[in-house]
Amino acid sequence: MTNKKRITIKDIANVLKISPAAVSKALHDDSRISKETKLAVKKVAKELNYQPNLLASALRKGKSNLVGVIVPKTNSNFFSSVIQHIEEVLNKEGYHIIITQSNESYKKECDNIDTLLFTQVDGIIASMANETIDLSYYEKIKSKGIPLILFDRGENNLNVDYIGIDDYRSSHIIVEHLVEQGCQRIAHIGGYKHTRIFNNRIRGYVDALKKHKLPLNKELLIESNLTLQDGRKKMKQLLELKKRPDAVYAAGDYAALGALQVLQENHINIPNDIALVGFGNEPFTALVTPTITSIEQHSSEIGKQAATIFLEYAVKGNFVKQTLNKTILDAALIVRDSSNIKNS
């Protein structure tokens with residue numbers, strides 16, 4: 001099969017016997033081109049299925065009106081909601097977004113960054129993959145003078161704008177809630193501590209235990225990728241302990257769902273035998289039985305603020321250097337059946 005030739009403005013010009021420059025001006029509604037010529041050009045462009053070369057246009061103008069968005073996964077309600085609200089704000093100002101996902105892979109994240117830079121995006125809004133430790137690819141974005149805004153997962157060392165919730169305080173709120181329900185042996189299925197937000201959740205968990213004079217047992221603090229399968233695996237691990245926990249705090253709702261499945265499969269009463277709390281307030285947390293207590297992450301506000309910050313840089317133009325501007329939103333615990341012992 002031969003590759004179909006890409007239609008250019010020269011092809012349109014040849015059909016109409018006019019110059020390529022006149023075609024270009026007609027396609028951009030230049031006032032110097034007559035209405036009749038504009039109609040003729042657009043008619044032929046449609047017939048030939050002409051598609052403008054956006055990359056070439058971006059190179060000429062130094063502006064693509066495209067913003068790259070990098071997320072760990074798109075099947076999460078949190079990330080899909082953030083994307084939706086980024087797009088809503090940017091579309092109103094004439095920008096479009098290119099969505100990429102890392103699937104928690106550092107290599108795929110690097111490939112995504114290279115693709116977005118090649119596409120000449122005007123900015124990048126990103127949440128880092130769990131595997132990401134080396135920040136050189138994010139430094140690469142900065143070195144090219146492209147605005148970089150991080151949300152949910154980001155590193156202070158990059159000195160760029162960041163929007164997220166108070167992860168440290170969130171863990172305090174969760175542990176305090178479980179203590180109020182009478183729990184004394186609280187396990188934490190966390191993310192990897194090299195990622196700032198998960199490190200903050202772990203620190204919050206540890207400090208909250210100290211505050212309530214509860215012992216920190218290393219066997220109750222487990223790191224993972226927080227997938228549903230991780231939740232299942234780590235919950236089974238906790239159930240094999242000689243002394244089981246009486247509560248489990250998972251730093252992600254999918255891990256909490258996996259833990260819930262294992263508890264139910266083992267006929268363990270939730271919350272009376274083991275209470276359960278997740279993180280992220282995914283829609284399914286209000287639909288499963290029992291419903292899962294979780295932290296609301298304010299995805300809509302994070303998306304809107306990330307887009308607004310980019311637009312502020314876009315207006316300034318001649319972007320060279322960013323400084324660390326952190327926007328930290330208050331966390332909110334949505335209490336549901338999985339941890340509500342006193343009312344069960």
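Two strands are taken to pair if DSSP finds at least two bridges between them. In the present model, which is predicted, strand S6 (residues 186-190) and strand S7 satisfy this criterion, since 3 bridges join them and the two run parallel. Within this pairing, isoleucine 189 of S6 has isoleucine 222 of S7 as its bridge partner. Helix H10 (residues 228-239) packs on the sheet, where H10 touches S6, S7 and S8, and the direction of H10 makes about 150° with that of S6.

The sheet to which these strands belong is open and is formed by 4 strands in the order S7-S6-S8-S9, with parallel pairing. Strand S7 (221-223) and strand S9 (275-277) stand at the edges and have a single partner strand each, so one side of each is left without a neighbour in the sheet. On average, and with direction ignored, neighbouring strands of this sheet are turned by 15° against each other. Helix H8 (residues 167-180) also packs on this sheet, touching S6, strand S8 (247-250) and S9, and the direction of H8 makes about 160° with that of S9.

Helix H10 has a helical partner as well as its contacts with the strands. The axes of H10 and helix H11 (residues 253-265) come within 6 Å and cross at roughly 45°, and the two helices are therefore oblique to each other. The crossing of H10 and H11 is right-handed. On the H10 side the contact involves Leu228, Gly231, Arg232, Met235, Lys236 and Leu239, and these meet a set of H11 residues that includes Tyr254, Leu257, Gly258, Gln261, Val262 and Glu265. An α-helix has 3.6 residues a turn, so residues three or four places apart point the same way.

A further open sheet is formed by 6 strands, in the order S2-S1-S3-S4-S5-S11, and the pairing is parallel here too. Its edges are occupied by strand S2 (96-101) and strand S11 (326-329), each with a single partner strand, so that one side of each is left without a neighbour in the sheet. For neighbouring strands of this sheet, the average turn against each other is 15°, direction ignored.

Strand S4 pairs with a strand on either side in the stated order. Strand S3 (residues 123-126) and S4 pair in the parallel sense over 3 bridges, and isoleucine 125 stands opposite isoleucine 149 in S4. Strand S4 (residues 148-151) is likewise joined by 3 bridges to strand S5 (residues 161-165), with which S4 runs parallel, and isoleucine 149 stands opposite aspartate 161 in S5. Both faces of S4 are covered, in that Leu148 and Leu150 on one side, and Ile149 and Phe151 on the other, are all buried.

Helix H1 (residues 9-16) and helix H3 (residues 35-47) form another helix pair, with axes that come within 10 Å and cross at roughly 120°. H1 and H3 are therefore oblique to each other, and their crossing is right-handed. The contact is made by Ile12, Val15 and Leu16 of H1 together with Ala40, Val41, Val44 and Ala45 of H3. The buried residues of H1 are Asp11, Ile12 and Ala13, and what covers them includes helix H2 (20-27) and H3. H1 is followed by lysine 17, whose phi is positive, near 60°.

Individual residues were also examined. Asparagine 77 lies in helix H5 (residues 77-92) and, with a relative accessible area of 31%, is partly exposed. When residues up to four places away in sequence are not counted, asparagine 77 touches Glu282 and Pro283. The separation between asparagine 77 and leucine 158 is 81 residues in sequence and 27 Å in space, C-alpha to C-alpha. Cysteine 110 has a relative accessibility of 7% and, because this value falls under 20%, counts as buried. Cysteine 183 is buried with a relative accessible area of 1%. With a disulfide taken as a pair of cysteine sulfur atoms within 2.5 Å, the count comes to 0 disulfides.

Terms used
Residues numbered from 1 in each chain as written. Predicted model: local features only at pLDDT ≥ 70, side-chain atom pairs only at ≥ 80, totals over all residues. Heavy atoms only, no water. Axes fitted to C-alpha atoms, helices over the stretch in contact; angles between N-to-C directions. Contact = heavy atoms within 4.5 Å. Buried < 20%, exposed > 50% of the residue type's maximum accessible area, 1.4 Å probe, protein only. Parallel < 35°, antiparallel > 145°, perpendicular 65-115°, else oblique. Left-handed = near helix turned anticlockwise from the far one by under 90°.
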